[in-house]
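Hi everyone, thanks for coming. Please have a look at the chain on the screen, and let me walk you through it for a few minutes.

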Amino acid sequence: MMGLMASDETRTETRTETRAQTRPQAPATRAWTTWTTRLLVLGIVLAALNLRPAITSLGALLEEVRDGLGMSGSIAGLLTSVPPLCFAVFGVTAPRLARRFGPGAVVCAGMAAITAGLLIRPYAGGTGGFLAATALALMGIAVSNVLMPVIVKRYFPDRVGSMTGLYSMALAFGTSIAAAATVPVTNALGGHWQTGLAVWAVLPALAVLPWIPFVRNRQAPSATVPSTPPGREGGKPAEQPPLRITRSRTAWALAVFFGLQATAAYITMGWMAQIFRDSGVSAGTAGLLLAVIMVMGVPLAFVIPRVATRLPHQGPIVVVLGVCGLAGYAGLYFAPVGGAWAWALLLGVSNCAFPLALTMVGMRARTGAGVAQLSAFAQSTGYLISIPGPLLVGVLYQHSGGWGLPIALMSALMVPQIVVGVLAGRDRTVEEEAAR
């Protein structure tokens, strides 16, 4: 009898303790699944809006910046190679920083770095100061670039395609707005290129705000199981040994694909407006053409990841994008002015290899830790691969006196991009290959 009573008391105490533990956690869970999730989505969108204006706003005013700072064509080519260099150097540090400080804190600091860099660079004085301030802004972009797929995989594991599409769409929108609006805004503010570049610091300053709660609450990211959506946390994830990512052929294929599409993207952002201007197009129209290339990513960046996640093999999408790129470059070579709008549309479609690459990063790894490693490896290695491209375009342009050789180079690089993209799109994960 005493045993039964003791047993009843034990069960009663257990239930009481369970209720006591559950009650204070329920409001936190509800808060995380409603307000915090919405704030996180807002933060992702605002961060994505700021991942390219630092580059495309410069591309729209490159001629004015070159004249103002006394840059040669080769130095301008070096300037257009700074983004992939910074992304490669600083992007590889993102997973380590995220483990120590939390991904929210790192992204918040990244937005602050972009703000400071964009404010400082037009007034730094001289080419050296301009490059240093640009590097500061690009450092913030680099860590945010790498952590976006990680955050999506961790907090939205059942919506990787749609969330990747959402921030890719925001990224494309920010890119195109900067390309289209920089010249008109510069003219409206007095025609000084310094003001036209500095005004883009407002957007990352706003993007800092939604990430501040995630800086103060470091436990939320680290306490969440990477494969569990918000509101269904099950405690701290077990520590897993790092993957031998370099043993994965898929990781290498994805890195090379990322590098080649980044080469095309940064040549486009850095030089395409100048190509159109040298062909006889006005500065304002050249900026609009660049904006058309970038704005194609707004709808397609949302559609392509959703389609890609439904396919076992993403190779067919890679081929379609590559063929559009080859057609666009051919048109740009033979009739740069007559068919300028058509070539801009085709190159805009081809430029959507970027959201496809990000989607494949999320699909080629099973866990959040795997995605973090793959994202850092593919992006850092890919950006290293892309460094020579914009610089080589500047050198070829300066020494040949025209755009024939640079356009031929861009066309030639599209072929290996298609090949490695098909290899990266195969249905397998880096965990399987790294364990062999």
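**A walk through a helical chain**

Let's start with the overall picture. The secondary structure of this protein chain comes to 22 helices and 0 strands. Please keep in mind that this is a predicted model. The chain has 436 residues, and 54% of them count as buried. Its accessible surface comes to about 17,800 Å², with 66% of that belonging to carbon and sulfur atoms. Now think about contacts between residues with a separation of 6 or more: 84% of these join residues 24 or more positions apart.

How far can we trust what we see? The mean pLDDT of the chain is 82, and 85% of the residues reach 70 or more. There are weak spots, though. Over residues 1-30 the pLDDT is below 50, and beyond near neighbours in sequence this stretch has 1 contact in the model. Residues 219-238 also have pLDDT below 50, but that stretch has 36 contacts beyond near neighbours in sequence. Where pLDDT is low, the predicted coordinates should not be read in detail. So let's turn to other parts of the chain.

Let's go inside, to helix α14. This helix covers residues 283-295, which is 13 residues. From its first C-alpha to its last, α14 reaches 18 Å, close to the 18 Å expected at 1.5 Å a residue. Which residues of α14 are buried? They are Ala286, Gly287, Leu289, Leu290, Ala291, Val292, Ile293 and Met294. And what covers them? The cover includes α2 (53-60), α8 (160-188), α13 (249-278), α15 (297-308) and α17 (340-350). If you have the model open, try colouring those helices around α14.

Here is another residue on the inside: Ser144, in helix α7, residues 126-155. Is Ser144 buried or exposed? Its relative accessibility is 0%, so Ser144 counts as buried. Leaving out residues up to four places away in sequence, Ser144 touches Leu51, Val107, Gly110 and Met111.

Now for charges. Side chains of opposite charge can pair when their charged atoms come close. How many salt bridges does a search of the whole structure find? It finds 4.

One of them joins Glu63 and Arg277, whose closest N and O atoms are 3.6 Å apart. Glu63 sits in helix α3 (residues 62-69) and Arg277 in helix α13, so this pair links distant parts of the chain, 214 residues apart. The two partners differ in burial: Glu63 is partly exposed, with a relative accessible area of 29%, while Arg277 counts as buried at 17%, because the cut-off for buried is under 20%. Glu64 belongs to this picture too, since Glu63, Glu64 and Arg277 are linked in a network of salt bridges.

Another salt bridge joins Glu432 to Arg366, with the closest N and O atoms 3.9 Å apart. Glu432 lies in helix α22 (residues 430-434) and Arg366 in the loop between α18 (353-363) and α19 (368-386), so this pair ties together parts that are 66 residues apart in sequence. Glu432 is partly exposed, at 37% relative accessible area, and Arg366 counts as partly exposed at 48%.

Then there is Arg428 with Glu433, where the closest N and O atoms are 3.8 Å apart. Arg428 is partly exposed, with a relative accessible area of 28%, whereas Glu433 is buried, at 6%.

Let's finish on the outside. Which residues form a nonpolar patch on the surface? They are Leu189, Val199, Val202, Leu206, Leu209 and Ile212, and together they have about 500 Å² of accessible area. Take Leu209 as an example: this residue lies in the loop between α10 (202-208) and α11 (212-216). Leu209 has 53% relative accessibility, so it counts as exposed.

One last stop is Ala408, in helix α21, residues 404-424. Ala408 counts as partly exposed, at 40% relative accessibility. Ala408 and Tyr333 are 75 residues apart in sequence, yet their C-alpha atoms are 8.1 Å apart in space.

To recap, we have seen a predicted model with 22 helices and 0 strands, and 4 salt bridges in the whole structure. Thanks for listening!

Note on methods
Residues are numbered from 1 along each chain as its sequence is written. This is a predicted model: local features need pLDDT of at least 70, side-chain atom pairs count only at pLDDT 80 or more; totals for chains, interfaces and linings use all residues. Side-chain values use heavy atoms; hydrogens and water are left out. Patches are made of residues with over 30% relative accessible area and no salt bridge: like charges are joined within 9 Å, nonpolar side chains (Val, Leu, Ile, Met, Phe, Trp, Tyr) within 5 Å. Accessible areas come from the Shrake-Rupley method with a 1.4 Å probe; for residues, only the protein chains shown count as cover. A salt bridge is a side-chain nitrogen of Lys or Arg within 4 Å of a carboxyl oxygen of Asp or Glu. Helices (H or I, at least four residues) and strands (E, at least two) are DSSP runs, numbered from the N terminus. Buried means under 20% relative accessible area, exposed over 50%, partly exposed in between (1.4 Å probe, protein chains only). The expected span of a helix is 1.5 Å times one less than its number of residues. Contact means heavy atoms within 4.5 Å. pLDDT is the predictor's confidence in each residue, from 0 to 100.
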